[in-house]
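Biologist: I should like to go through the terms used for this structure and ask what stands behind each of them. Please set each value against the criterion that applies.

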Amino acid sequence: MKKDHPIEALIAQGEHQQLDFKFEVSDSKKIARTLSAFANTDGGRLLIGVKDNGNIAGVRSEEEYYMIEAASTMYTRPSVPFTATRWNLKGKTVLEVYIAPGNKKPYTAPDKDDKYKAYIRVADENKLANEVLLFSWKKMERVDGLLFPLTRPVKKILVYLESHPYINIKQFCRIAHINYYTARNILSDLIAVNTLTYRVVDKQIVYSMVAVKSSIPAYAEK
């Protein structure tokens, strides 16, 4: 039985959180947002020369690679590394670009007003990261050996999440009787120590427990 070509196997998956189809790359700044989103989330692949419906159009020149290179070196901060592979399929060339999950988050790229913002990958879209995620990424660099204070608001959110699948920042403010800035700091701390994770529900970022016992940090009563 003949096996599918590696690119055909990827196309069969359809676009998702770690796979994006691009008919062509005509704007390095715009594609930089996708590099930022992949690097800030779980990594991913771009298939250039593939239409949204999965049909293979092929790339027409070396220009596509150079546009990706410009996006990486000129329009992401810090630079998002990538690897590229050219595949020949049915007389057409598809450029596969792989972006690994980054270890220097946040990776930023220019928005429509040329202001550098951090993006995350949600399903098949790029979304702006919020302040909680930005703070948590910065804190992840200095969490080793952290003894996390088990304050009243922290107890509130942990108890709440024992019986609810997730919480948003407004709900946390309400149940813990704290302001936005306190909630932001606590949520970012809990993400940094891998007690909470985030996801997107109804177009908003929400927070839920990480279901791995070994990831729960030591707490100090306060």
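The dialogue below takes up a sheet, a helix pair, several individual residues and the backbone exceptions.

Modeller: One remark beforehand: this is a predicted model.

Biologist: What makes β5 and β6 a pair of strands?

Modeller: Pairing requires at least two bridges found by DSSP. Strand β5 (residues 108–110) and β6 are joined by three bridges in the antiparallel sense, so the criterion of at least two is met. One of the partnerships is that of Pro110 with Tyr116 in β6.

Biologist: How do you know that β6 and β7 pair, and in which sense?

Modeller: Four bridges link β6 to strand β7 (residues 125–128), and the two run antiparallel. With a requirement of at least two bridges, the strands therefore count as paired. Tyr119 is placed opposite Leu128 of β7.

Biologist: Which strands are called edge strands, and why?

Modeller: The open sheet has three strands in the order β5-β6-β7, with antiparallel pairing. β5 and β7 are its edge strands, as each pairs on one side only. Direction ignored, neighbouring strands of this sheet are turned by 55° against each other on average.

Biologist: What lies between the strands of each hairpin?

Modeller: The hairpin of β5 and β6 has five residues between the strands, and Asp114 in that turn has a positive phi of about 65°. In the hairpin of β6 and β7 there are two residues between the strands, and Ala123 in the turn has a positive phi of about 55°.

Biologist: Why is β6 described as mostly covered?

Modeller: A residue is called buried at under 20% relative accessible area. In β6 (residues 116–122), five of the seven residues are buried. Helix α2 (residues 28–40) lies across β5, β6 and β7 and runs at about 60° to β6.

Biologist: Why are α6 and α7 called roughly perpendicular?

Modeller: The axes of helix α6 (residues 169–176) and helix α7 (residues 180–192) cross at roughly 110° and come within 9 Å. The term covers angles of 65 to 115 degrees, and α6 and α7 are therefore roughly perpendicular to each other. On the α6 side the contact is made by Ile169, Phe172 and Cys173, and on the α7 side by Tyr180, Ala183, Arg184, Ile186 and Leu187. These residues divide into seven nonpolar, no polar and one charged.

Biologist: Is Asp111 buried or exposed, and how do you know?

Modeller: Asp111 has a relative accessible area of 13%. The limit for buried is under 20%, so Asp111 is buried. Asp111 belongs to the loop between β5 and β6. Apart from neighbours within four places in sequence, Asp111 is in contact with Arg33, Lys117 and Tyr119.

Biologist: What makes the approach of Asp111 to Asp113 a polar contact?

Modeller: A polar atom of the Asp111 side chain lies 2.8 Å from the backbone nitrogen of Asp113. The distance limit for such a pair of N or O atoms is within 3.5 Å.

Biologist: Why does Leu19 count as buried?

Modeller: The relative accessibility of Leu19 is 1%, and the limit is under 20%; Leu19 therefore counts as buried. Leu19 is in strand β1 (residues 19–22). Leaving aside neighbours within four places in sequence, its contacts include Leu10, Phe38, Leu47 and Arg121. The C-alpha atom of Leu19 is 9.9 Å from that of Val97, 78 residues apart along the chain.

Biologist: Why are Lys90 and Asp202 called exposed?

Modeller: Lys90, in the loop between β3 and β4, has 70% relative accessibility. Asp202, in the loop between β9 (196–201) and β10 (204–209), has a relative accessible area of 70%. Exposed means over 50%, so Lys90 counts as exposed, and Asp202 is exposed.

Biologist: What makes backbone values worth listing as exceptions?

Modeller: Most residues other than glycine have a negative phi, and most peptide bonds are trans. Phi of Lys90 is positive, near 55°, and Asp202 has a positive phi of about 50°. A cis peptide bond joins Arg77 and Pro78, with omega about -10°; Pro78 is in the loop between α3 (63–74) and β3 (83–89). Another cis peptide bond joins Lys105 and Pro106, with omega about 5°; Pro106 is in the loop between β4 (92–99) and β5.

Notes:
Residues numbered from 1 in each chain as written. Predicted model: local features only at pLDDT ≥ 70, side-chain atom pairs only at ≥ 80, totals over all residues. Heavy atoms only, no water. Buried < 20%, exposed > 50% of the residue type's maximum accessible area, 1.4 Å probe, protein only. Axes fitted to C-alpha atoms, helices over the stretch in contact; angles between N-to-C directions. Parallel < 35°, antiparallel > 145°, perpendicular 65-115°, else oblique. Contact = heavy atoms within 4.5 Å. Nonpolar A, V, L, I, M, F, W, Y, C, P; charged D, E, K, R; others polar. Polar contact = N/O pair within 3.5 Å; in protein donor to acceptor, adjacent residues only side chain to side chain.
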